[in-house]
Amino acid sequence: MHALIDGKEIARLVRADVKVRVKEFSEKYGKKPALCVILAGDNPASKVYVASKEKACGWVGIRSVAKKFPASITEEELINEIRALNEDPGINGILVQLPLPKGINEENILCAVAPEKDVDGFHPMNAGELMRAGATLEPCTPAGCMELLKRAGVPLAGANAVVIGRSNIVGKPIALMLLRENCTVTVCHSKTRNLKEILKNADIVVSAMGRPKAVTGDMLKEGAAVIDVGINRLEDGSIVGDVDFESACRVAGAITPVPGGVGPMTIAMLMKNTIIAAEMQNA
Ligand code: NAD
């Protein structure tokens with residue numbers, strides 16, 4: 001028996017909280033909080049993501065501003081656009097949709113966003129704060145995973161948590177967040193020798209490796225809480241996670257589906273970061 005951790009429903013609850021804060025902010029300051037999404041080039045997946053961010057803004061009452069540029073935009077031009085948005089008091093959050101067109105250094109662009117408007121939580125200053133004590137603006141996907149664990153009532157203090165993946169946007173920050181909640185954290189990656197053995201002792205598994213159905217039920221500890229961050233497109237066009245849901249759900253105590261698990265949380269947490277940024281800038 002397992003409990004399904006319903007990301008769609010939990011994302012709805014997060015957005016409902018954000019909506020209340022947005023309303024209070026708008027009444028207090030006579031303006032809506034505003035999120036600017038920058039899209040350079042015409043990557044079809046990016047267009048879909050930007051559209052869903054605009055839709056989520058609409059749901060919670062955040063003003064959505066889209067800045068679209070051709071793929072030919074230079075790094076310098078893009079940095080100048082970001083600098084102008086940093087100075088604009090009408091913009092509270094800036095998100096640069098990745099990937100960027102060839103020839104533009106992602107790191108330089110992410111560093112150009114003012115830390116207090118960095119609603120993606122990718123600026124080195126926010127990443128550093130996360131390592132120290134916890135940042136005000138934390139990366140959305142890992143923050144969404146933590147929200148899922150907490151709202152699903154998964155005990156964290158003292159739990160053995162295994163994170164699979166060590167990227168800067170998911171694996172590393174989620175490991176720090178779990179550590180902050182007093183989990184005993186193990187981080188696995190492509191060079192890990194004995195993943196199966198390590199997983200056998202995991203009360204919590206967060207998988208962010210981008211390998212379709214790589215984690216199977218026989219690898220899990222009975223009753224484990226499983227958060228599947230992976231989004232993998234199969235040849236037939238279907239989307240699956242890193243976890244083989246069918247076998248894993250027979251062993252796990254709680255598990256997220258893909259789609260409908262972590263995915264909806266990422267955008268909900270982006271909305272939360274935008275209202276946090278707006279409140280902070282006006283405090
Ligand atoms: P990434 O490619 O940057 O990192 C993958 C990590 O997995 C690496 O650290 C690598 O060492 C590790 N890895 C790869 N193969 C492994 C193996 N066989 N065993 C153990 N570790 C292995 O990817 P990312 O950007 O961190 O994203 C990971 C996955 O999460 C992708 O499927 C991505 O699409 C998905 N993702 C989902 C969301 C969301 O909103 N749900 C957000 C971001 C990323």
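This report describes the two largest pockets of a predicted model.

## Ground rules

Residues are numbered from 1 along each chain as its sequence is written. Because the model is predicted, local features need pLDDT of at least 70 and side-chain atom pairs pLDDT 80 or more, while totals for chains, interfaces and linings use all residues, and side-chain values use heavy atoms, without hydrogens or water.

Rolling a probe the size of a water molecule over the atoms shows where empty space is left. A pocket is an open set of points on a 1 Å grid over the protein atoms alone, where a 1.4 Å probe fits, with protein on both sides within 12 Å along at least five of seven lines. Lining residues have an atom within 4 Å of a point.

## The largest pocket

The largest pocket holds about 1,500 Å³ of space (volume filled by probe spheres set on the points, which are joined across faces, edges and corners). Its lining has 49 residues. Tyr49, Thr141, Ile231, Gly263 and Thr266 lie nearest the centre.

Helix α2 (44–60) is among the elements that supply at least two lining residues. It gives the most, with 9. By class, the lining has 29 nonpolar, 13 polar and 7 charged residues. Here Ala, Val, Leu, Ile, Met, Phe, Trp, Tyr, Cys and Pro are nonpolar, Asp, Glu, Lys and Arg charged, and the others, including Gly, polar.

## The second largest pocket

This pocket holds about 350 Å³. It is lined by 17 residues, with Gly121, Phe122, Ala127, Asn168 and Ile169 nearest its centre. Helix α5 (a DSSP run of H or I, at least four residues) gives the largest share, 5 residues. The lining divides into 11 nonpolar, 3 polar and 3 charged residues.
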